[in-house]
Amino acid sequence: MFEGLRARLQKVQGTLENNIARTASPAGIASPPMEKAGSASEKDPTLLTRVKVLITDREFLIAEKDVEEPLFELEMVLLENDVALPVTEEILRRVKADLTGKRRKIGESVDDIVISALRGALLGVLGQGFDLLSYIQSHERPVKILFTGVNGTGKTTTVAKVASYLKKHGCSVVIGAGDTFRAGALEQIDVHAARLGIKVIQHQAGADPSAVLFDAVQYAEAHRIDAVLADTAGRFHNRANLMKQLEKIRRVMRPDLVVYVDEAVAGNDAVVRAYEFEKTVGADAVVLTKADMDAKGGAAISIAHTIGKPVMFLGVGQGYDDIVPFSPAQVVDELLGVGS
Amino acid sequence: MLDRLGTSLKDALKKLAGKTVVDRAAVEELVKDLQRALIQADVNVKMVMQLSQAIKTRSLEEQPPKGMTVREHVLRIVYQELVKLVGSAGEARLEPQIILMAGLQGSGKTTTTAKLARYFQRKGLRVGVICADTFRPGAYDQLNTLCTRMNVPVFGNPKEKDALKIVREGLPAMSGTEVVIIDTQGRHALEGELIQEIIDIQQIAAARHRWLVIDAALGQQAAEQARRFHEAINIDGVIITKMDGTAKGGGALSAVAETKSGIVFIGSGETSDDLERFEPDGFISRLLGMGDLKALVERAEETMAGQEVDVNAMLRGKFSLRDMYAQLEAVNRMGPLKQIMSMLPLGNMEIPQDAYDVTSTKMQRYRIIMDSMTGPELDDPSVMGSSRIHRIAMGAGASPEEVRELLRYYKMMKKALKGVRGGQGKFNMQRMMKKFGGM
């Protein structure tokens with residue numbers, strides 16, 4: 001999903017490198033005598049510092065204005081790729097702080113400086129990944145996982161995919177059909193579970209989701225099942241009553257993990273709702289769905305940064321196997337075109 | 001966070017007040033705030049840049065018409081450009097027709113199909129629905145449940161895997177109806193087979209309208225998706241869903257631009273009645289997070305809430321229970337209190353968040369309680385003692401606690417309104433009102 005962002009990022013990276021290389025070279029060639037540098041210094045102290053640094057330490061100093069234009073370009077790239085505005089500003093701040101005032105040794109590749117600055121900034125916001133399998137292995141079972149999110153982000157499909165993923169890796173799973181509101185939701189999860197051969201605990205439509213999920217947990221405890229996956233109805237974060245219902249669910253079933261599901265194609269609102277969900281019911285990990293939609297991937301960066309929680313999986317298609325664990329370092333390296 | 005945006009825009013507009021010459025710096029600041037607002041609303045970055053450039057050049061180069069202040073001039077340009085950006089509503093005639101729904105997974109096609117069926121049904125047309133979503137489990141059940149509730153016939157077969165066959169069989173089966181809506185499975189631009197499927201469906205159905213359903217939260221991706229849907233089946237209208245969340249729906253604008261169509265409907269709720277025809281002005285207000293810009297432009301300061309709620313009396317500190325009653329009545333017709341307050345020319349006044357947290361059912365209760373009060377009590381709630389409270393509670397079938405709660409709410413509102421006046425003095429306040437009146 002990150003192809004578009006990758007191409008553009010690499011372009012910006014190129015501009016940054018050029019600008020830095022350009023500012024460095026004239027000073028390098030001129031290599032001015034001390035008196036000349038002294039006279040210039042009265043007007044332009046930066047030049048003096050620069051020359052001083054150059055002569056004494058054989059290093060270059062990168063000034064703010066050298067990176068200004070490419071940074072604006074970087075800002076546009078991030079915005080066009082759905083990184084929310086506040087998050088974009090944060091990334092820019094980091095790159096800027098990282099680059100300006102930095103001394104560059106002659107001979108050190110400009111490439112490395114720029115890449116490490118960008119990489120640092122991106123990794124800083126993406127954080128660590130989350131390994132569900134080792135989490136389940138290292139915790140008391142059943143591990144109870146609650147899936148939350150707004151309407152239509154793909155919670156039910158994700159529950160089915162995660163169930164299939166866990167089953168494939170040798171964990172026993174039970175699904176709690178906590179979406180008792182949407183028409184057809186129970187039928188949907190039923191069909192998924194039947195195809196995967198997984199038990200579903202459900203009541204009738206309109207039942208109290210807390211009760212359903214409590215039963216699912218009881219079932220798992222009685223049958224020594226490794227993981228309970230609790231589906232819930234989609235809800236908007238600005239609906240106080242629905243959010244209270246979710247709080248109740250959390251109180252009743254006491255999940256070990258609350259997983260927030262959102263779509264990779266979401267724009268700026270991703271930040272607002274991630275924040276609200278994290279605030280009211282908390283979130284321990286994030287699943288990003290619909291990453292196969294040629295998405296720009298900015299939502300991953302925005303959400304991870306807003307709630308400071310790791311992205312656990314990416315949903316990349318309509319099949320049960322279309323789910324991949326998310327590894328930030330790998331994604332960032334791919335974005336910047338380094339490594340494999 | 002989002003409300004602050006609206007405020008900063010207002011501040012920027014205020015800086016233009018009273019100027020005789022258009023101030024370049026002020027315009028630039030305004031444009032910058034506008035850019036921030038629009039980008040946060042997910043409007044395509046390139047479109048935002050074009051828009052802001054147009055506003056900048058026009059504001060600085062065009063001469064303000066006679067009798068129009070600089071601020072009105074700039075405001076008018078901003079408004080005109082925004083209207084151009086948003087476009088006009090797409091057409092939806094009340095006549096026999098076939099409508100094909102298209103969209104990404106989870107954008108709300110099935111819910112919207114039911115809402116549309118309800119819309120046309122209420123307008124007196126016979127509606128039928130075909131469920132051509134053969135992929136997602138439960139899709140037919142979902143549509144069937146929703147449509148059975150409102151007695152709309154549904155054609156579909158959860159066992160059938162061939163969407164084309166369903167459409168082919170469904171159209172004759174629906175020959176007794178006037179409006180046929182075809183719900184399809186979610187697909188995205190990169191799924192070649194599915195795109196081909198919807199092309200084939202369109203070939204069989206020859207639908208008069210091909211509407212693209214877009215999630216209000218969809219970001220910069222909207223343009224690309226819309227373009228490819230447009231190439232496939234020539235989209236002629238866009239429906240924005242999930243506008244009841246906090247997303248602003250700016251992404252849909254790129255879809256409109258790509259398909260050269262208009263927004264037809266807006267979905268904003270979970271029941272089948274929560275569908276509205278698109279209305280550009282309200283949409284612009286929402287995009288910018290500020291009150292009704294058009295009302296400002298037309299200097300129609302006393303429209304809308306003005307007649308319902310006596311702003312002047314409120315600001316004089318004479319906010320009685322009667323005013324609150326009028327307010328609550330207005331709420332019923334105009335939506336949440338917060339929205340009304342944002343339409344009132346009150347500037348940047350801060351109303352405590354608690355005041356908004358009163359739910360609509362509570363509002364209803366409050367009105368019933370107030371119906372049990374006497375005239376003097378409504379005019380001057382300070383006469384209310386425990387025996388009066390008891391009488392009111394008995395009359396309204398409420399508990400005295402509820403009546404006290406209502407009085408507390410009233411006091412809070414009153415205090416908030418007083419706070420606006422506070423510090424600045426009466427004369428200042430009146431001047432401010434005048435200023436806002438001219439907005």
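The following questions and answers concern strand 2 of chain B and the contact between chains A and B in a predicted model.

Student: Are the residues of strand 2 of chain B buried or exposed, and how many of them are so?

Tutor: On one side of the strand lie Val127(B), Val129(B) and Cys131(B), and on the other Gly128(B), Ile130(B) and Ala132(B). Both faces are covered. The strand is largely enclosed by the rest of the structure, because the number of its residues that are buried is 6 of the 6.

Student: Which residue of strand 4 of chain B is the bridge partner of Val129(B)?

Tutor: Strand 2 and strand 4 (residues 179–184) of chain B run parallel and are joined by 6 bridges. Within strand 4, Val129(B) has as its bridge partner Ile181(B).

Student: Which helix of chain B makes a β-α-β unit with strand 2 and strand 3?

Tutor: Strand 3 (residues 154–155) of chain B runs parallel to strand 2, with 2 bridges between them. Here the bridge partner of Val129(B) is Val154(B). The β-α-β unit that contains these two strands is right-handed, and its helix, residues 139–149, is helix 6 of chain B.

Student: Which helix of chain A gives the most residues to the side that touches chain B?

Tutor: In this interface, 38 residues of chain A are in contact with 35 residues of chain B. Helix 4, helix 9, helix 12 and helix 13 of chain A each supply at least two residues of the touching side. By class, that side has 15 nonpolar, 12 polar and 11 charged residues. The helix that gives the most, with 5 residues, is helix 9 of chain A.

Definitions and conventions:
Residues numbered from 1 in each chain as written. Chains lettered and ligands numbered in written order. Predicted model: local features only at pLDDT ≥ 70, side-chain atom pairs only at ≥ 80, totals over all residues. Buried ≥ 20, exposed ≤ 12 C-beta atoms within 10 Å, placed from the backbone. Helix = DSSP H or I, 4+ residues; strand = E, 2+ residues; numbered from the N terminus. Pairing = 2+ DSSP bridges. Right-handed = clockwise from strand over helix to strand, strands pointing away. Contact = placed C-beta atoms within 7 Å. Nonpolar A, V, L, I, M, F, W, Y, C, P; charged D, E, K, R; others polar.
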